Amino acid sequence: MGDAPPASALISAGADAPPNTDAALNTVTVLRDEWRFGGRFVEGSTAPEFDDDAFAVVTLPHCVADLSWHEWQPADWAGEWIYRRRFDRPAGAGRLFLDFAGVMSAATVTLNGHEFPKQLGGYLPVSYEITDLVRDRGNALAVLVDGSWLNVPPDGSPDGPAAVDYMQPAGIHRDVTLRLEPATFIADLFAKPLDVLSADRRVEVSCTIDSADPPVGDLALTVAVRLDGQPMADTTVDIQLVGSGRTVAAATLDRLPDVRLWDVDSPTLYDVVATLTLDGAPIHRQQRRIGFREARFERDGFYLNGRRLQLFGLNRHSIYPYVGMAMPARVQRKDAEILARDFNCNMVRCSHYPQTTEFLDACDELGLLVWEEPPGWQYVGDEEWQELLVRDVHDMIVRDRNHPSVVIWGVHANESAIYPELYTRTRNVAYELDGTRQTSGSLTSQSTEGWVQDVFAFDDYSHDAENALLKPPVPDVPYLVAEAVGALDGPHYYRWTDGQDILAKQAYLHAQVHDAALSDDRYSGLVAWCAFDYASQNGYTYKSMKTPGVADIFRVPKPGAAFYRSQVDPRRRPVLEPAFFWDFGPESPPHGPGPGALIGSNCDRVEAYVDGTHVDSARRDPARFPHLEHAPYFLDLTVDPSGHPELRLDGYLGGELVISRSMSADPTGDRLRLDLDDNALVSDGSDATRAVFRAVDAYGNQRPFQTGEVALSITGPAALIGDNPFSFADIPGVGAVWVRSLPGQTGVVTVTATHPVLGTASGQFHCGETQQ
Ligand code: GAL
């Protein structure tokens with residue numbers, strides 16, 4: 001009880017997890033459907049006999065509050081809430097555990113009338129052994145969720161929820177799992193690749209064996225490393241258990257043949273499989289994915305596998321419209337894809353809390369490096385609070401130390417002052433539990449007084465009236481810019497309602513800071529603020545939203561993302577992304593985007609034509625962007641608006657036309673467009689996909705300032721998560737809903753969006769019993 005559950009148990013249950021081939025050794029049942037949610041807690045509702053017939057039937061992940069995409073209030077989720085679920089004991093002998101991957105912000109779990117101690121904190125797992133409490137049929141599980149402001153990181157400030165710059169709606173927002181294990185089993189597996197670049201490369205494996213009753217006979221542990229199911233090396237060690245409880249067994253896999261390294265462009269993943277045997281017969285098996293890679297922050301930058309790599313990234317909040325953080329694996333994974341594939345980032349900072357294991361799995365698969373950190377925001381509380389922070393660092397590292405994508409442990413509450421004693425403790429926890437990754441924590445001052453970490457991370461919001469600037473790196477330490485840009489240009493920037501010049505300026509400022517970070521090798525790189533808009537009450541917000549994302553909260557890229565989208569090798573993907581609209585409506589500039597029209601492109605030449613006539617050749621500005629390989633282009637697009645001029649942009653590589661985009665000024669060709677992220681979901685009542693709707697011109701370019709409402713309808717076995725109708729009042733011309741499968745119901749789902757002026761658009765996907 002109170003220990004982090006083995007990550008594999010949770011992972012092996014996920015939608016994209018490898019199939020559990022050893023059902024006899026370990027049975028995992030995910031409790032996603034058939035939960036009953038009673039709303040606000042009522043006295044007596046955790047009792048087994050409590051009549052919950054009137055409760056709503058819900059699936060996980062779940063948020064207690066019924067939210068729109070903005071205008072959230074902490075009062076909507078503050079206080080206590082009740083969930084209940086009945087379950088039968090899974091067939092088979094053994095020990096039974098109940099694992100919670102994350103309940104916001106605290107949970108008191110009661111099983112068959114037995115109450116476990118309250119678990120504080122919403123971002124890390126907790127596991128309860130229920131072997132002696134469970135009966136064969138009709139077990140009564142009750143979860144009392146506390147969504148109040150608590151003395152628990154990141155909360156705790158006497159100023160209440162507005163003291164933290166992100167909102168945390170309450171609920172069982174991650175999976176709940178039943179795990180049946182043998183009496184003696186591998187509770188945790190940590191596989192540490194070492195010296196991967198040399199012939200001495202090896203994997204040190206440590207397995208925590210948990211035994212309720214040490215078996216009589218010869219106990220041994222065989223550890224193997226595999227690539228695509230093919231064994232590469234293995235070793236067997238004998239195990240002596242000292243008694244019941246936990247014993248750590250170590251084994252080293254050495255004399256490994258050449259390995260394929262895990263790198264940002266080729267993230268090869270291996271499996272480490274540990275098998276516990278008794279008198280030669282397997283009694284338990286545990287599996288983790290690992291990658292062979294060496295990651296080092298040095299004074300002259302970051303090195304991955306011995307090669308200097310400029311870190312290029314964005315901070316990510318995992319806050320979503322309508323449900324807070326309660327989105328399923330597929331949706332979480334999509335953010336990693338957006339960051340790695342659409343925005344060409346090689347790093348993400350998980351600001352400012354441990355995010356889902358599914359997100360980290362996707363980072364492993366995509367080659368997206370990760371900074372992970374405990375929950376926190378500019379505040380350090382009393383002794384009790386500090387103990388929880390130390391616990392969080394511990395639990396985060398135990399949960400995630402096998403992920404090759406994680407290259408740095410944040411061991412510091414974001415932007416808190418330096419507390420040398422506390423942060424020496426958290427750093428040492430990282431050293432003891434891992435020892436292969438450097439530690440850090442983002443700071444708002446460049447003073448090193450009392451600083452005890454390995455990589456100096458500075459949140460650099462320096463600027464003058466026109467430009468985003470970077471301070472010189474702190475000398476003699478590895479140095480990383482952990483945040484920059486944000487909304488420094490203005491209090492509510494960057495909303496879709498802002499003028500085109502403001503929206504385009506976001507792209508400009510992000511390009512500027514990344515350019516500056518390339519000016520000196522001592523900058524390991526820069527992770528800008530931020531990827532996606534998020535909900536907050538802190539500082540300047542508009543209807544509880546903060547909008548410094550280069551994509552909005554629906555993950556729709558803003559003009560600011562044009563810079564990120566163009567930072568890719570053109571031979572892989574030529575890009576031409578205008579950071580402007582081609583719009584001549586009453587709120588748009590009357591003569592077009594004007595003399596400084598910005599385009600994100602990796603082409604080596606961009607030409608502009610209006611109504612077929614060449615009007616300008618795009619220029620880069622080496623004086624302003626001396627370091628970027630794919631610096632923004634600028635064009636003069638001052639035009640006569642009469643007659644609905646049509647714009648065409650042509651991009652060339654080595655004299656060859658590789659990409660062309662047309663944009664229409666004529667609003668009569670405007671229509672509604674609907675895009676679904678997926679064409680197949682699993683019908684587990686939890687899996688979901690996004691449906692984005694946009695006002696677009698005849699060529700599919702987003703049209704700004706569209707008003708009105710979009711009405712949504714669904715046919716087939718799925719439910720809508722989102723506002724319906726969806727108003728374009730605060731987010732003109734663009735929005736999204738998510739569509740969730742229904743438990744056990746398969747078939748074709750059609751999503752239709754209708755706007756009174758723009759017409760109707762629809763899309764389809766399939767819900768099946770398994771992933772297709
Ligand atoms: C930083 C902070 C971020 C976010 C940002 C807003 O100081 O670390 O979490 O609040 O400011 O611009």
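**Salt bridges, a ligand shell and an enclosed strand**

D675 comes out as partly exposed, with a relative accessible area of 22%. In this predicted model, D675 has a charged partner: its side chain meets that of R673 in a salt bridge, with N and O 2.9 Å apart. R673 is partly exposed too, at a relative accessible area of 30%. Elsewhere, R95, E129, D210 and R246 are tied into one network by salt bridges that share partners.

Pairs like these are no great surprise, because side chains of opposite charge can pair when their charged atoms come close. The count for the model comes to 55 salt bridges. One of them joins E204 to R202, at 3.7 Å from N to O. Here E204 has a relative accessible area of 30%, which makes it partly exposed, and R202 is partly exposed as well, at 22%.

The salt bridge between K543 and D730 has its closest N and O atoms 2.8 Å apart. This one ties together distant parts of the chain, with the two positions 187 residues apart: K543 sits in the loop between β33 (534-535) and β34 (545-546), and D730 in the loop between β47 (726-727) and β48 (734-741). Its two ends fall into separate classes of exposure. K543 is partly exposed at 34% relative accessibility, whereas D730, at 14%, falls under the 20% cut-off and so counts as buried.

Turning to the ligand, the residues around it are D165, H352, W377, Q378, N414, E415, D459, Y461, E483, W529 and Y534. By type, that shell splits into four nonpolar, three polar and four charged residues. Several side chains put a polar atom close to a ligand oxygen: H352 does so at 2.6 Å, E415 at 2.6 Å and E483 at 2.7 Å. On its own the ligand has 310 Å² of accessible area, and the protein covers 84% of that.

Then there is strand β4 (residues 80-87). Six of its eight residues are buried, so the strand is largely enclosed by the rest of the structure. β4 has strand partners as well. With strand β2 (residues 35-40), β4 pairs in the antiparallel sense over four bridges, and within that pairing W81 of β4 is the bridge partner of R40. With strand β11 (residues 139-146), the pairing is again antiparallel and runs over eight bridges; here Y83 stands opposite V143 of β11.

Key
Residues are numbered from 1 along each chain as its sequence is written. This is a predicted model: local features need pLDDT of at least 70, side-chain atom pairs count only at pLDDT 80 or more; totals for chains, interfaces and linings use all residues. Side-chain values use heavy atoms; hydrogens and water are left out. Buried means under 20% relative accessible area, exposed over 50%, partly exposed in between (1.4 Å probe, protein chains only). Two strands pair if DSSP finds at least two bridges between them. A residue is near a molecule or strand if one of its heavy atoms lies within 4 Å of it. A polar contact is a pair of N or O atoms within 3.5 Å; within protein, one must be able to donate a hydrogen and the other to accept it, and residues adjacent in sequence count only if both atoms are side-chain atoms. Accessible areas come from the Shrake-Rupley method with a 1.4 Å probe; for residues, only the protein chains shown count as cover. Ala, Val, Leu, Ile, Met, Phe, Trp, Tyr, Cys and Pro count as nonpolar, Asp, Glu, Lys and Arg as charged, and the others, Gly among them, as polar. A salt bridge is a side-chain nitrogen of Lys or Arg within 4 Å of a carboxyl oxygen of Asp or Glu.
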